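Colleague: Please take one part of this model and go through it closely. I would like the packing described in connected prose rather than as a list.

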Amino acid sequence: MQMSILLLKQISELFLMILMGYAIVKTDKLKDRDSTVLARIVLYLVCPCMIINAFQVEYSEEKASSLLLAVGASLLLQVVLLFVTLAIRRLCHLNSVETASVYYSNSGNLIIPLVMYVIGQEWVLYACAFMSIQTVFLWTHCRILLSKGGKLAWKDIVLNINMLATMVGIVLFFTRIRLPEIVNQTMSAVGSMLGPASMIVTGMLIGGMHLRNIFDQKRTYFIAFLRLIFIPAAALVILKISGLAALQGEGIKILLIVFLAVTTPSASTVTQMCQVYGNDAKYASAINVMTTLFALITMPLMVLIYQMVM
């Protein structure tokens, strides 16, 4: 119950950040289109700093084994849930924005602060496992999905700064190389902007919309149900029958971190990518706000269910 309360508090803080972005547009200080610059800063600067910094922890065999468990569980969920989402897309005729919003969770912006405050700083490394795996899918599958049929440029993907940051972080961890303290502190400071900056971008986009347009769309409620209830329920079934929890002494807690990443609202990165690639960013941000609001209830509930099932 205590974990559920802490989750509720952290999600509430992020939602207030959305309101700040909304307010700065509604008071005519900025335009909603101005959020594009901030979105690019988040995608190409803040995210890479956060990824590399998360891997800058002291190496041990136990941590390496636990990290591999988190990576394995994350990869299993991403692959299986991708096929589940594709089946839903066919059955429910989801468009590209809806498909991406259902499949991609807000792990990058939400899971790091949640794990840090709810479980502990030392567990953040395992949260990065899911985030790193999802980063690969974001810059391959999601990029193709949201770029309206654009061709896959392998050079752009392999040399993408977020992909490079993930690979660099992993190499530094397993080779036990520590960056200079001033570099680590700088990347930590920049990476800490991820949650606030992403939420402000979402709020600014919403500021250019009529709130009634968000809550009057019945379709958005259905997408929120898929993102917050159906996909996490499917993930819980997968984790339960996989038997991965028995592979490590702390297996249940490590899988809880991976599961937390799946229960988060739709990824705000989907909104940012819609901006970059010219897709429906306002619809994506509406889904993001809707799912963030309902996550105040669904995430604590899903954690309680996880603890009962696992």
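Modeller: F259 and Y306 are both buried. This is a predicted model, and every value here is computed from it. The two rings form an aromatic pair of the stacked kind, with 5.3 Å from centre to centre and 25° between the planes. The angle falls under the 30 degrees that counts as stacked, so the pair gets that label. The pair joins distant parts of the chain: F259 belongs to helix α13 and Y306 to helix α15, 47 residues apart.

The helices that carry these rings should be described next. Helix α13 covers residues 251–263 and helix α15 covers residues 281–309; their axes come within 10 Å and cross at roughly 150°. That angle makes α13 roughly antiparallel to α15, because angles over 145 degrees are classed that way. The crossing of α13 past α15 is right-handed.

As for the side of α13, the residues that meet α15 are I252, L255, L256, F259, L260 and T263. Their counterparts in α15 are M299, M302, V303 and Y306. F259 and Y306 thus appear in this contact as well as in the stacked pair. By class, the residues of the contact between α13 and α15 comprise nine nonpolar, one polar and no charged. T263 is the polar one, because Thr is not among the residues that count as nonpolar or charged.

The stacked pair is one of eight aromatic pairs in the structure. Another of them is formed by F173 and F174, and this pair is edge-to-face, with 5.0 Å centre to centre and 80° between the planes. Here the angle is over 60 degrees, so the pair does not count as stacked. F173 has a relative accessibility of 1% and therefore counts as buried. F174 has 35% and therefore counts as partly exposed, since that class lies between 20% and 50%. In the pair of F259 and Y306, by contrast, both residues are buried. F173 and F174 also belong to a cluster with Y59, linked through ring pairs.

One further buried residue can be added from elsewhere in the model. T99 lies in helix α4, residues 96–103. With a relative accessible area of 1%, T99 is buried. Setting aside neighbours within four places in sequence, T99 is in contact with T85, R89, L94 and L145.

Notes
Residues numbered from 1 in each chain as written. Predicted model: local features only at pLDDT ≥ 70, side-chain atom pairs only at ≥ 80, totals over all residues. Heavy atoms only, no water. Axes fitted to C-alpha atoms, helices over the stretch in contact; angles between N-to-C directions. Helix = DSSP H or I, 4+ residues; strand = E, 2+ residues; numbered from the N terminus. Parallel < 35°, antiparallel > 145°, perpendicular 65-115°, else oblique. Left-handed = near helix turned anticlockwise from the far one by under 90°. Contact = heavy atoms within 4.5 Å. Phe/Tyr/Trp six-rings, centres within 6.5 Å; stacked < 30°, edge-to-face > 60°. Buried < 20%, exposed > 50% of the residue type's maximum accessible area, 1.4 Å probe, protein only.
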